[in-house]
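The following exercises are to be worked with the sequence and the model at hand. Each task is followed by a solution in steps.

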Amino acid sequence: MSDETRREAGRKTRSEVLGEAYVAASDARRSDFNADFLDFITEGAWGSVWSRPGLTRRERSMITIALLAAGGHFEEVAMHVRATANTGASPEDIKEALLHVAVYAGVPAANQAFKVAKQTLDEMAGEQTGGEKS
């Protein structure tokens with residue numbers, strides 16, 4: 001697969017998972033400085049890994065949230081919790097993934113990830129009902 005084909009597949013998958021508005025906002029911040037990095041993650045993460053047939057998007061979503069939480073990347077945890085609206089991973093799935101984080105990566109990482117996930121899920125629920133973000 002060529003870089004261009006992988007980039008196109010990655011852009012499509014990224015938009016389907018994170019949402020077109022998120023990807024459009026990211027594209028608007030594209031610059032000479034970050035263009036190579038954006039191409040790298042679009043081709044690598046989204047075009048080569050997330051576009052593979054071996055796992056469902058729900059499964060990839062749960063794995064990604066667990067790995068990000070284990071690594072302490074909580075801003076990314078929030079982004080991928082938000083993406084569960086598009087991947088089919090449920091709040092119960094997120095909870096189960098974060099329980100694994102507690103056992104295998106440590107309670108402090110899971111504790112912070114639970115806080116971030118709950119806040120993000122509460123915000124999402126408020127957006128669905130038209131209420132204020134909590």
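Helices (H or I, at least four residues) and strands (E, at least two) are DSSP runs, numbered from the N terminus. The model is a predicted one: local features need pLDDT of at least 70, side-chain atom pairs count only at pLDDT 80 or more, and totals for chains, interfaces and linings use all residues. Residues are numbered from 1 along each chain as its sequence is written, and side-chain values use heavy atoms, with hydrogens and water left out.

**Exercise 1. State how many helices and strands the protein has, and whether its radius of gyration agrees with that of a compact globule.**

Step 1. The protein holds 7 helices and 0 strands; read from the N terminus, the order is α-α-α-α-α-α-α.

Step 2. The radius of gyration is taken over C-alpha atoms, and the globule rule is 2.2 Å times the number of residues to the power 0.38. Because a compact globule of 134 residues would have a radius near 14 Å, the 15 Å of the protein agrees with the rule.

Step 3. The C-alpha trace spans about 40 × 35 × 30 Å along the principal axes.

**Exercise 2. Determine what share of the residues is buried, and what share of the contacts joins residues at least 24 apart.**

Step 1. Buried means under 20% relative accessible area, exposed over 50%, and partly exposed in between (1.4 Å probe, protein chains only). Of the 134 residues, 37% are buried.

Step 2. Contact means heavy atoms within 4.5 Å. Among contacts between residues at least 6 apart in sequence, 63% join residues at least 24 apart.

**Exercise 3. Compare the end-to-end spans of α1 and α3 with expectation, and list what their buried residues pack against.**

Step 1. The expected span of a helix is 1.5 Å times one less than its number of residues. For the 16 residues of α1 this gives 22 Å, and the end C-alpha atoms are 21 Å apart, which agrees.

Step 2. For the 15 residues of α3 the expected span is 21 Å; the end C-alpha atoms are 20 Å apart, again in agreement.

Step 3. In α1 the buried residues are Gly10, Thr13, Arg14, Ser15, Val17 and Leu18, and they pack against α2, α3, α4 and α5. Just after α1, Gly19 takes a positive phi of about 100°.

Step 4. In α3 the buried residues are Ala35, Leu38, Asp39, Thr42, Glu43, Trp46 and Gly47. Their packing partners are α1 (3-18), α2 (20-28) and α5 (74-87).

**Exercise 4. Decide whether Thr42 is buried or exposed, and name its contacts.**

Step 1. Thr42 is found in helix α3 (residues 35-49). Its relative accessible area is 9%, so Thr42 is buried.

Step 2. Leaving aside neighbours within four places in sequence, Thr42 is in contact with Arg6, Arg7, Gly10, Arg11, Arg14 and Gly47.

**Exercise 5. Place Ala70 and Asn111 in their helices and classify their accessibility.**

Step 1. Ala70 lies in helix α4 (residues 57-70). With a relative accessible area of 36%, Ala70 is partly exposed.

Step 2. Not counting residues up to four places away in sequence, Ala70 touches Val101, Ala105 and Ala109. The C-alpha atoms of Ala70 and Arg11 are separated by 26 Å, with their positions 59 residues apart along the chain.

Step 3. Asn111 belongs to helix α7 (residues 107-129), and its relative accessibility of 40% makes Asn111 partly exposed. Asn111 and Ala69, 42 residues apart in sequence, are 9.3 Å apart from C-alpha to C-alpha.
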